[in-house]
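Visitor: I am new to this structure and would like a close look at a single part of it. Please take one strand and follow it outward to whatever surrounds it.

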Amino acid sequence: MKIYQIDSSARKKGSTSRALAKKLLDKIKKPDDEVIYRDLDDEMLFVSGLTESGMKIDEKDQTEEHKKMFELSDKLVKELKESDIIIISAPIYNYGPPATLKAWSDLAARIGETFKFKPNGRREGLLKNKKAYLVITSGGTKLNSSEDFLTPWLKFILNFFGIEKVEVISADQMALDYEKSIRDAEAQIENISID
C-alpha cells in the first residue's frame, strides 16, 4: 500500500495539524507500506494565467510559467494516482483552507487525469477505490458549523476526484480548550479501525 501524506500548515514547528497527521500515519502504517510525503508549504505554485478549467493548455501555447506549473501538476497528479490512502492535514485559516491547499487542489484537478466529463456534461472523478483521512484543526471555528468552509470544501474536492471514502479527525476550537481538543483528536485516531 502507498500512503500519501500532505501537510498544508504554514507553521513548520509546533503545528498541531502536522503532529496529529504524524500520529495518524503511525497508527495506520503497516511495515511494508510506502509513504509519499508532500509539504505544501515548500513548493506550491499558485495557479494563474489559465485560459481553461481543468489545467488544459496546448503545449505550443504554454508560457515558461505554465510549463513550471504543469511540471508540478504532473507530480501531484502522479502522487495522487499512485496512492491507496491519502492523509491531508490542514488548519482552518480565516474560516477556509490554507492558500497552499487551494493551490494544490487547482493543480491536481486535471481533465482526463483526475476527472472527466461524461456525455451528459456531468463530471466524474477518476480516482476510485482510495481512502482519505482529513486532519483538521482550528483555533476558534467549530468543525462543520456554518463558519467552517474548509471541511465541506475539501470533502467535495476529494469526491470530485472520485475519492468517496473520507474520514475526518478534528481538533477544533483549540483556543477554547486546547487540552480537550487534542485529547478528542487523539481518541479519534486511536479509535480508527484499520481495514
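Guide: A good place to begin is Gln5, whose bridge partner in strand S3 is Ile87. The model is a predicted one. The pairing behind that bridge joins strand S1 and strand S3 (residues 85–91), which run in the parallel sense over five bridges.

S1 has a second pairing, with strand S2 (residues 34–39), parallel again and over six bridges. Here Tyr4 has Ile36 in S2 as its bridge partner. In general, strands of a sheet pair through backbone hydrogen bonds, either parallel or antiparallel. The connection between S1 and S2 includes helix H1 (residues 16–28), and S1, H1 and S2 together form a right-handed β-α-β unit.

How buried is S1 itself? Strand S1 covers residues 2–7, and five of its six residues are buried, so the strand is largely enclosed by the rest of the structure.

The wider sheet comes next. The sheet is open and has five strands in the order S2-S1-S3-S6-S7, with parallel pairing. S2 and strand S7 (165–171) are at the edges; each has a single partner strand, so one side of each lacks a neighbour in the sheet. On average, neighbouring strands of this sheet are turned by 15° against each other, direction ignored.

Helices pack around these strands. Helix H5 lies across S3, strand S6 (131–137) and S7, and runs at about 165° to S6. H5 (151–160) also helps to cover the buried residues of helix H4, as do S1, helix H2 (40–43), H3 and S3.

That brings the path from S1 to H4. Seven of the ten residues of H4 are buried, so this helix is largely enclosed by the rest of the structure. The buried residues in H4 are Thr100, Leu101, Ala103, Trp104, Ser105, Leu107 and Ala108.

One neighbour of H4 can be followed further. Helix H3 (residues 64–82) packs against H4 (residues 99–108) at an angle of about 85°, and their axes are 8 Å apart. That angle makes H3 roughly perpendicular to H4. From H3, the residues Met69, Leu72, Ser73, Leu76, Val77 and Leu80 meet Trp104, Leu107 and Ala108 in H4. Sorted by class, this contact of H3 with H4 has eight nonpolar residues, one polar residue and no charged ones. The H4 side of the contact, Trp104, Leu107 and Ala108, also appears among the buried residues of that helix.

Definitions and conventions. Residues are numbered from 1 along each chain as its sequence is written. This is a predicted model: local features need pLDDT of at least 70, side-chain atom pairs count only at pLDDT 80 or more; totals for chains, interfaces and linings use all residues. Side-chain values use heavy atoms; hydrogens and water are left out. Axes are lines fitted to C-alpha atoms, for helices over the stretch in contact, and angles run from 0 to 180 degrees between N-to-C directions. Helices (H or I, at least four residues) and strands (E, at least two) are DSSP runs, numbered from the N terminus. Angles under 35 degrees count as roughly parallel, over 145 as roughly antiparallel, 65 to 115 as roughly perpendicular and the rest as oblique. Contact means heavy atoms within 4.5 Å. Ala, Val, Leu, Ile, Met, Phe, Trp, Tyr, Cys and Pro count as nonpolar, Asp, Glu, Lys and Arg as charged, and the others, Gly among them, as polar. Buried means under 20% relative accessible area, exposed over 50%, partly exposed in between (1.4 Å probe, protein chains only). Two strands pair if DSSP finds at least two bridges between them. A crossover is right-handed if, with the strands pointing away from the viewer, the path from the first strand over the helix to the second runs clockwise.
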